[in-house]
Structure formats: C-alpha cells, structure tokens
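Biologist: Please take a close look at one part of this model, the largest pocket. What lines the largest pocket?

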Amino acid sequence: MVKSKFVTQTDMKVGVIGDEDTVTGMLLAGIGHVDGQGKKNFLLVDSKVHVKDVEEKFHELTTRKDISMVLITQDCAEMIRVAVDEYTKSGKVIPSVLEIPSKDTPYDPRKDSVMQRVAFFLPTAMASLGIEM
C-alpha cells in the first residue's frame with residue numbers, strides 16, 4: 001500500500017516562462033524541477049515556440065497544486081495578455097503571477113498587474129515615480 005503525499009509549503013515550487021537567459025539563470029539558481037511524468041516547471045520561449053504552447057504552459061502552471069509562484073517575462077506575458085489578465089481577474093492568489101523584465105525588453109509597469117494594483121491603492125506613489133497609469 002502506497003502512502004499518499006500531501007503538498008505542503010516545503011513542496012511548493014516556482015514556475016518560470018521566459019527567454020533563454022532568464023530561464024537558464026533561474027534553473028542555475030535551482031528552481032528547475034522535472035517530475036516522474038516528465039512535467040517541467042519551466043518553459044524556454046524562443047522564436048520556435050508558438051503562442052499556443054506558451055498559453056498552454058501558463059494554464060498548466062497556474063492549475064498545478066505544487067506551484068506557488070509563476071515568474072513570466074513581460075514580453076512573454078504580452079504574447080498571452082488575455083490569459084494573464086483573465087487569471088488576474090479570477091482573484092486567485094496562489095499561484096501568484098509576477099511579470100519580470102527581460103534583458104531584451106525594458107520593463108513597463110503600466111502593463112504589470114501587480115503595479116496596477118499598487119496604482120489603484122496608492123496612486124500618489126506611482127505619480128512620485130513619474131508613472132502615469
């Protein structure tokens with residue numbers, strides 16, 4: 001008889017969707033994981049990867065019970081903006097979806113859902129940074 005294992009806080013993982021440099025850096029930092037069924041918690045997006053594949057991986061990571069955070073580069077998030085916005089509007093907290101900058105594309109806080117929430121609750125903070133929302 002096999003014991004069933006419950007996912008605890010120590011079992012939670014971080015998912016990553018991004019360009020080669022971002023994903024490689026995160027994997028070298030130790031967040032990469034491949035389970036016994038071959039499921040990975042990361043997706044390396046390059047010119048050969050279709051938007052459909054990125055969206056499918058995003059949905060997979062946001063529905064997995066062992067993922068607590070999804071890091072996605074802002075240019076990849078732009079590719080699947082509708083899916084990212086739908087997830088944000090769903091009100092789910094875990095996994096948290098954080099948009100991060102990549103070395104190829106400058107960070108735009110107006111497109112980041114977390115920064116939009118900051119602007120909603122603290123509009124003067126955003127204005128003091130020179131960011132119009």
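**The largest pocket**

Modeller: In this predicted model, the largest pocket has a volume of about 190 Å³. Three elements each give two or more residues to its lining: helix α4 (81-90), strand β4 (96-100) and helix α5 (113-121). The residues that line the pocket are Tyr-87, Thr-88, Gly-91, Lys-92, Val-93, Pro-95, Ser-96, Val-97, Leu-98, Ser-113, Val-114 and Arg-117. Sorted by class, six of the lining residues are nonpolar, four are polar and two are charged.

Strand β4 also leads from the pocket to the sheet. The sheet is open and has four strands, in the order β2-β1-β3-β4, with parallel pairing. β4 is an edge strand, as is β2 (42-44), and each of these pairs on one side only. From one strand to the next, the twist averages 20 degrees.

Further into the sheet, strand β1 (residues 13-18) and strand β3 (residues 67-73) run parallel and are joined by five bridges. One residue pair can be named here: Lys-13 has Ile-67 in β3 as its bridge partner. Helix α2 lies across β1, β2, β3 and β4, and runs at about 170 degrees to β1.

Confidence should be read alongside this picture. The protein chain has an average pLDDT of 84, and 87% of the residues score at least 70. Helix α2 (residues 51-63), the helix that lies across the strands, has the highest confidence in the chain, at a mean of 94. Confidence is lowest in helix α6 (residues 123-128), where the mean is 71.

Conventions. Residues are numbered from 1 along each chain as its sequence is written. This is a predicted model: local features need pLDDT of at least 70, side-chain atom pairs count only at pLDDT 80 or more; totals for chains, interfaces and linings use all residues. Side-chain values use heavy atoms; hydrogens and water are left out. On a 1 Å grid over the protein atoms alone, a cavity is a set of points where a 1.4 Å probe fits but cannot get out, and a pocket is an open set with protein on both sides within 12 Å along at least five of seven lines; lining residues have an atom within 4 Å of a point. Grid points are joined across faces, edges and corners, and a volume is the space filled by probe spheres set on the points. Ala, Val, Leu, Ile, Met, Phe, Trp, Tyr, Cys and Pro count as nonpolar, Asp, Glu, Lys and Arg as charged, and the others, Gly among them, as polar. pLDDT is the predictor's confidence in each residue, from 0 to 100. Two strands pair if DSSP finds at least two bridges between them. Axes are lines fitted to C-alpha atoms, for helices over the stretch in contact, and angles run from 0 to 180 degrees between N-to-C directions. Contact means heavy atoms within 4.5 Å.
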